[in-house]
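The exercises below work through one protein model with a bound ligand, from a single strand to the whole chain. Each task is followed by a solution in steps.

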Amino acid sequence: MRFKDKVVVITGAAGGIGTETAKRFASEGAKIVLVDLYKDTAEDTAKELELKSEDYLVVEADVSKEEDVERYVKEAKERFGSIDVFFNNAGIEAKYESIMETDSDAMSKVLDINLKGVYYGMKHVLKVMTEQESGSIINTASVAGMIGFPNMGPYVASKHAVIGLTKTAAIEVAEKKVRVNAVCPAPVDTRMMEDIEESGGMDSEDFTAVIPIGRYAEAEEIAALVAFLASDDASYITGSAYPIDGAMTAG
Ligand SMILES: NC(=O)c1ccc[n+]([C@@H]2O[C@H](COP(=O)([O-])OP(=O)(O)OC[C@H]3O[C@@H](n4cnc5c(N)ncnc54)[C@H](O)[C@@H]3O)[C@@H](O)[C@H]2O)c1
């Protein structure tokens, strides 16, 4: 029960990784704010948490719109009084194609959600956390934030940028006792990978061939790392980008 009575805000909470992370935090005593573009799916996730209705809040928001981000932060603060952990996780993939084929709208859409969404989230949650002089932010980057991947230009650019913002924020707020880290998963067994496989005309074996551990990660495994980074056990860890990748980037 590392998060008893702590308030955890999760974006992309209705998705594969968001859902498992919400379950993990709820099982360790947290109150959860589930933020997603799709309210109905987020409500379904919330029901799976087995929390009392007063211990969770679902907010429909588009993380690429600053006014929506301000609103979910305000609603979380009004309802629970603080934000102790922020899992800044919502993100999208793009069509599997080369930089030469990628049109400017596709680039803008990915950057609006994966980069600006993360930036708006940090901007507004950090105001709450620095005032509290406590808190932990975990941004979802990717192995695609650490190395290049052909045919994934917008996604790779957005995730590299998330790591840069993570490091910068960590330095800016360290004195205020707020920690900021990123997680960098290899392919995870969620809807997103199914879409990438389909878009690239490939299957999971094509991707697992370059993962030494020989399989995709499970969303629960990402949730365990996020919970560790959010916990007091990680009190000296800030400004880090943690690969969780079955040795994919180790070679
Ligand atoms: N699945 C993987 O292989 C993998 C690997 C590394 C990193 N990631 C990252 O993990 C995060 C979660 O991905 P996932 O695998 O759970 O995918 P997912 O598609 O299952 O979940 C993503 C969630 O984000 C929400 N979302 C999308 N755009 C949004 C917006 N504009 N505003 C609010 N919510 C929005 C979706 O509705 C969805 O619920 C993403 O940032 C993704 O880039 C995924």
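**Exercise 1. A strand and its two faces**

Which residues of β2 are buried on one side, and which on the other?

Solution. The model is a predicted one. Step 1: take one face of β2, where Lys31, Val33 and Val35 are buried. Step 2: take the other face, where Ile32, Leu34 and Asp36 are buried too. Step 3: put the faces together. Six of the six residues of β2 (residues 31–36) are buried, so the strand is largely enclosed by the rest of the structure.

Apply the procedure to β5 (135–140). On one side Gly135, Ile137 and Asn139 are buried, and on the other side Ser136, Ile138 and Thr140 are. Six of the six residues of β5 are buried, so this strand is also largely enclosed by the rest of the structure.

**Exercise 2. The sheet**

Determine the strand order of the sheet and name its edge strands.

Solution. Step 1: collect the bridges between strands. β1 (residues 7–11) is joined to β4 (residues 85–88) by three bridges, and to β2 by five. Four bridges join β4 to β5. The strands run parallel in the pair β1 and β4, in β1 and β2, and in β4 and β5.

Step 2: check the register with single residue pairs. Val9 has Val33 of β2 as its bridge partner. Val8 is paired with Val85 of β4. Asn88 stands opposite Asn139 in β5.

Step 3: write the complete order. The sheet is open, has seven strands, and reads β3-β2-β1-β4-β5-β6-β7 with parallel pairing. β3 (56–60) and β7 (241–244) stand at the edges with a single partner strand each, so one side of each has no neighbour in the sheet. From one strand to the next, the twist averages 15°.

**Exercise 3. Two residues in helices**

Classify Ala22 and Asp44 by burial, and give for each the C-alpha distance to a residue remote in sequence.

Solution. Step 1: locate the residues. Ala22 is in helix α1, and Asp44 is in helix α2 (residues 39–48).

Step 2: count the C-beta neighbours inside 10 Å. The threshold for buried is 20 or more, and 12 or fewer means exposed. Ala22 has 27 and therefore counts as buried. Asp44 has 13 and is therefore partly exposed.

Step 3: look across the sequence. Ala22 and Ala46 are 24 residues apart along the chain, and their C-alpha atoms are separated by 8.2 Å. Asp44 and Ala14 are 30 residues apart in sequence, with a C-alpha to C-alpha distance of 7.9 Å.

Step 4: list the contacts of Ala22, leaving aside neighbours within four places in sequence. They are Ile10, Ala13, Ile32, Leu34, Thr45 and Leu49. Ile32 and Leu34 also appear on one face of β2 in Exercise 1.

**Exercise 4. Positive phi**

Find the phi values of Asn151 and Ala247, and describe where each residue sits.

Solution. Step 1: recall the background. Most residues other than glycine have a negative phi.

Step 2: read the angles. Asn151 has a phi near 70°, and Ala247 has one of about 75°. Both values are positive, and neither residue is a glycine.

Step 3: place the residues. Asn151 belongs to the loop between β5 and α5 (153–173). Ala247 lies in the segment after β7.

Step 4: assess burial. Asn151 is partly exposed, with 17 other C-beta atoms within 10 Å. Ala247 has 12 such neighbours and counts as exposed.

**Exercise 5. The ligand shell**

Describe the surroundings of the ligand by position and by residue class.

Solution. Step 1: there are 29 residues around the ligand, of which Gly12, Gly15, Ile17, Gly91 and Thr190 come nearest. Step 2: α1 (16–27), α4 (104–132) and α6 (191–200) each supply at least two residues of the shell. Step 3: by class, the shell has 14 nonpolar, twelve polar and three charged residues.

**Exercise 6. The whole chain**

Compare the overall dimensions with those of a globular protein of equal length.

Solution. Step 1: the protein has eight helices and seven strands. Step 2: its radius of gyration is 17 Å, close to the 18 Å that the globule rule gives for 251 residues, so the protein is as compact as a globular protein of that length. Step 3: the C-alpha trace spans about 45 × 35 × 35 Å along its principal axes. Step 4: of the 251 residues, 47% count as buried. Step 5: among contacts with a separation of 6 or more, 73% come from residues 24 or more positions apart.

Note on methods: Residues numbered from 1 in each chain as written. Predicted model: local features only at pLDDT ≥ 70, side-chain atom pairs only at ≥ 80, totals over all residues. Near = placed C-beta within 6 Å. Nonpolar A, V, L, I, M, F, W, Y, C, P; charged D, E, K, R; others polar. Rg over C-alpha atoms; globule rule 2.2 N^0.38 Å. Contact = placed C-beta atoms within 7 Å. Pairing = 2+ DSSP bridges. Axes fitted to C-alpha atoms, helices over the stretch in contact; angles between N-to-C directions.
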